[in-house]
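Please work through the exercises below with the sequence and the model side by side. Each one sets a task and is followed by a solution in steps.

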Amino acid sequence: MTSTAPSPAELEERFDATIAADQRVEPRDWMPEAYRRTLIRQIAQHAHSEIIGMQPEGNWLLRAPSLRRRAILLAKVQDEAGHGMYLYAAAETLGVDREELTEKLIDSKQKYSSIFNYPTLSWADIGVIGWLVDGAAIANQVPLCRCSYGPYARAMIRICKEESFHQRQGYESLLALTAGTEAQKRMVQESVDRWWWPSLMMFGPADGDSPNTHRSMAWGIKRHTNDELRQRFVDMTVPQAAVLGVTLPDPDLRWNPERQAHDFGEPDWSEFTAVVSGAGPANRQRLDHRRRAHENGAWVREAAQAYAEKQAGKQGARA
Ligand SMILES: [Fe+2]
Ligand SMILES: [Fe+2]
């Protein structure tokens, strides 16, 4: 009996059936080239965001107000490095090389989340990033635990558990500040005023301006639209702001009993476009820093390579 290789049409049919049955696509499975490319772009962008996202918080590691706060922040920043590593590993299962992805990041050929192009100006920013930025990341990422691509979905499960610690440590730090002096309360409010709108922009453009959403949803990569996730985030955050006693800087924000959801204003999309295309307050600084770190790490990569070759040589000699 001879076995014939499945035809392209059969392969496509199998892939479609996997998606329709809400099962996972695994690295060795056949997949449409556009599906692979979309995933590489999304996972790389996500990995880059984790790595670049270490910078704004790393900026406060040596200035944290106590040893306890420093230890917590250090653990969080290290978690973000770990997230970047899982995600680069997930991208590699699609046939790309991590080195190549890093080159694309530092050559501005791939993007990272717009939020990390804003500076951290006060200690309250560290709490607000945990609360709002990690909070928005959770809203975005929990549905990715059910993404159709297996390695990405599995990486997201652990990442989401850690993100939820990040969100809580931020919120807890803000609770301490808002229970403090008037100056501390003002510092928190000033920080919320700066981070609120950029946090809403983390969900990406409005649905009408997000041309890839439909296809990503059909492929089971995305489970909800940008606007759905943004709404979920606002509804989740408003009561938390009330507990802190801070005002979210949006005059149009109010509960809508008919929709059973909050109405809210429109982010300044021209700011979003500018930041995404490189003109945000800290884009230049973030990429320069990443490029320098990559260059400074060259000797580590060379040493690891030489060691791996030496080990392989020894094994070869033994065989
Ligand atoms: Fe993360
Ligand atoms: Fe995080």
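The exercises go from the whole chain to the metal sites, then to the nonpolar cores and a few single residues.

This is a predicted model, in which local features need pLDDT of at least 70, side-chain atom pairs count only at pLDDT 80 or more, and totals for chains, interfaces and linings use all residues. Residues are numbered from 1 along each chain as its sequence is written, chains are lettered from A and ligands numbered from 1 in the order in which they are written, and side-chain values use heavy atoms, with hydrogens and water left out.

**Exercise 1. Describe the overall build of the protein chain.**

Step 1: Begin with the secondary structure, where the chain has 13 helices and two strands; these are DSSP runs numbered from the N terminus, with helices (H or I) of at least four residues and strands (E) of at least two.

Step 2: Turn to the radius of gyration, which is taken over C-alpha atoms and compared with a globule rule of 2.2 Å times the number of residues to the power 0.38. The value is 22 Å, close to the 20 Å that the rule gives for 319 residues, so the chain is as compact as a globular protein of that length. Along the principal axes, the C-alpha atoms fill a box of roughly 80 × 50 × 30 Å.

Step 3: Consider burial, where buried means under 20% relative accessible area, exposed means over 50%, and partly exposed lies in between (1.4 Å probe, protein chains only). Of the 319 residues, 47% count as buried.

Step 4: Finish with contacts, meaning heavy atoms within 4.5 Å. Among contacts with a separation of 6 or more, 78% come from residues 24 or more positions apart.

**Exercise 2. Work out how the two iron ions are held.**

Step 1: List the donors, which are N, O and S atoms within 2.8 Å of the metal (3.2 Å for Na, K and Ca); water is not among the atoms, so sites may look incomplete. The iron ion (ligand 1) is coordinated at 2.0 to 2.2 Å by Glu50 (OE), Glu80 (OE), His83 (ND1) and Glu163 (OE). For the iron ion (ligand 2), the protein donors are Glu80 (OE), Asp134 (OD), Glu163 (OE) and His166 (ND1), at 2.0 to 2.2 Å.

Step 2: Judge the geometry. Four donors count as tetrahedral if all angles lie between 85 and 135 degrees; four count as square planar and six as octahedral if opposite donors are over 155 degrees apart and all others between 65 and 115; anything else is irregular. Around the iron ion (ligand 1) the four donor atoms subtend angles of 86 to 144°, which makes the arrangement irregular. The site of the iron ion (ligand 2) is irregular as well, with angles of 86 to 160° among its four donor atoms.

Step 3: Relate the two sites to each other and to the chain. Glu80 bridges the two iron ions, which lie 3.4 Å apart. Glu80 lies in helix H4 and His166 in helix H7, so this pair ties together parts that are 86 residues apart in sequence.

Step 4: Check the burial of the donors. Glu50 is buried at a relative accessible area of 6%, Glu80 at 5%, Glu163 at 2% and His166 at 0%.

**Exercise 3. Find the nonpolar cores and the place of Thr237 beside one of their residues.**

Step 1: Use the rule that a nonpolar core is a set of buried Ala, Val, Leu, Ile, Met, Phe, Trp, Tyr and Cys residues joined through side-chain atoms within 4.5 Å. The largest has 45 residues, and those with the most contacts inside it are Trp131, Trp195, Trp196 and Phe233. Helix H6 (124-141) is one of the helices that each supply at least two residues, and H6 gives the most, with nine.

Step 2: Separate from this is a second core of 29 residues, which includes Ala90, Ala91, Leu144 and Cys147.

Step 3: Locate Thr237, which lies in helix H10 and counts as buried at 1% relative accessibility. Leaving out residues up to four places away in sequence, Thr237 touches Trp131, Leu132 and Trp196.

**Exercise 4. Examine two residues with a positive phi.**

Step 1: Asp22, although not a glycine, has a positive phi of about 60°. Asp22 lies in the loop between helix H1 (8-20) and H2, and is partly exposed at 40% relative accessible area.

Step 2: Gln260, also not a glycine, has a positive phi of about 55°. Gln260 sits in the loop between strand E1 (254-256) and strand E2 (261-263), and is exposed, with a relative accessible area of 56%.
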